[in-house]
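Hello,

Here is the structure we spoke about handing over. My notes follow below it.

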Amino acid sequence: MPPEKLRILIIDDEECIRDSLAMHLSSLGHEVLTYETPVKCPAFKTHNCHMEGPCADIIFVDQNMPGMSGLEYLKPLTHHGCLVLPPHRIMMTGDVTLELKSEIKRMGAQFVQKPLRFETLEEIINNAKVFISSDRVLSDL
């Protein structure tokens with residue numbers, strides 16, 4: 001049985017996007033953690049994951065951010081032992097190219113076109129829930 005409440009990370013340098021997504025997802029009962037850059041995310045700081053379970057159920061990350069792109073953040077996750085399922089790593093972008101689409105697909109991740117509609121967000125979350133056990137144990141960040 002899927003869990004009702006998910007832990008969702010949102011990494012986006014645009015405060016209005018972070019806040020609106022977080023408010024909407026929180027209103028649906030989810031635990032939402034937001035970061036303005038990938039390097040501010042505690043999971044990134046460890047570089048190699050030594051956690052017992054995943055730190056989140058879903059990660060949404062913006063592609064175009066200063067200092068590090070979403071792709072630069074997502075690429076090493078598998079290599080570093082990230083336990084968030086690859087399809088639950090979602091790139092948000094308004095500027096998708098065929099090359100970027102191919103790279104995201106190669107990693108097993110997904111992408112969603114910005115501007116992001118709440119209905120699309122909810123659909124992604126509901127589809128992900130099917131693969132998440134209600135008795136999973138999430139690690140503390």
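Is L85 buried, partly exposed or exposed? With a relative accessible area of 38%, L85 is partly exposed. Please keep in mind that this is a predicted model.

L85 sits in the loop that runs between α3 (70–74) and β4 (89–93). Together with V130 and F131, L85 makes up a nonpolar patch on the surface, and the accessible area of the three together is about 330 Å².

Next, helix α1. This helix covers residues 15–27, and its 13 residues should span 18 Å at 1.5 Å a residue; the end C-alpha atoms are 18 Å apart, so the two values agree. Which residues of α1 are buried? They are R18, L21, A22, H24 and L25. These buried residues are on the same side of α1, because they cover an arc of only 165° around the axis. In general, an α-helix has 3.6 residues a turn, so residues three or four places apart point the same way. The other side of α1 has E15, C16, M23 and S27, which are exposed. The cover over the buried residues of α1 includes β1 (7–11), β2 (31–35), β4 and α5 (118–129). After α1 comes G29, with a positive phi near 100°.

Then the charged pairs. Side chains of opposite charge can pair when their charged atoms come close. How many salt bridges does a search of the whole structure find? The search finds eight, and three of interest to me are described here.

One of them joins the side chains of D12 and K114, at 2.7 Å from N to O. D12 belongs to the loop between β1 and α1, and K114 to the loop between β5 (110–113) and α5, so this pair ties together parts that are 102 residues apart in sequence. Both D12 and K114 are buried.

Another salt bridge is formed by the side chains of K40 and E36, at 3.6 Å from N to O. K40 is partly exposed, with a relative accessible area of 45%, and E36 is also partly exposed, at 37%.

A further salt bridge links the side chains of R136 and D57, at 2.8 Å from N to O. R136 is in the segment after α5 and D57 is in the loop between α2 (42–45) and β3 (58–62), so the pair ties together parts that are 79 residues apart in sequence. R136 counts as partly exposed at 22% relative accessibility, whereas D57 is buried, with a relative accessible area of 4%. Finally, D12, D62 and K114 are joined into one network by salt bridges that share partners.

Regards

Definitions and conventions
Residues are numbered from 1 along each chain as its sequence is written. This is a predicted model: local features need pLDDT of at least 70, side-chain atom pairs count only at pLDDT 80 or more; totals for chains, interfaces and linings use all residues. Side-chain values use heavy atoms; hydrogens and water are left out. Patches are made of residues with over 30% relative accessible area and no salt bridge: like charges are joined within 9 Å, nonpolar side chains (Val, Leu, Ile, Met, Phe, Trp, Tyr) within 5 Å. Accessible areas come from the Shrake-Rupley method with a 1.4 Å probe; for residues, only the protein chains shown count as cover. A salt bridge is a side-chain nitrogen of Lys or Arg within 4 Å of a carboxyl oxygen of Asp or Glu. Helices (H or I, at least four residues) and strands (E, at least two) are DSSP runs, numbered from the N terminus. Buried means under 20% relative accessible area, exposed over 50%, partly exposed in between (1.4 Å probe, protein chains only). The expected span of a helix is 1.5 Å times one less than its number of residues. The arc is that of the directions from the helix axis to the C-beta atoms. Contact means heavy atoms within 4.5 Å.
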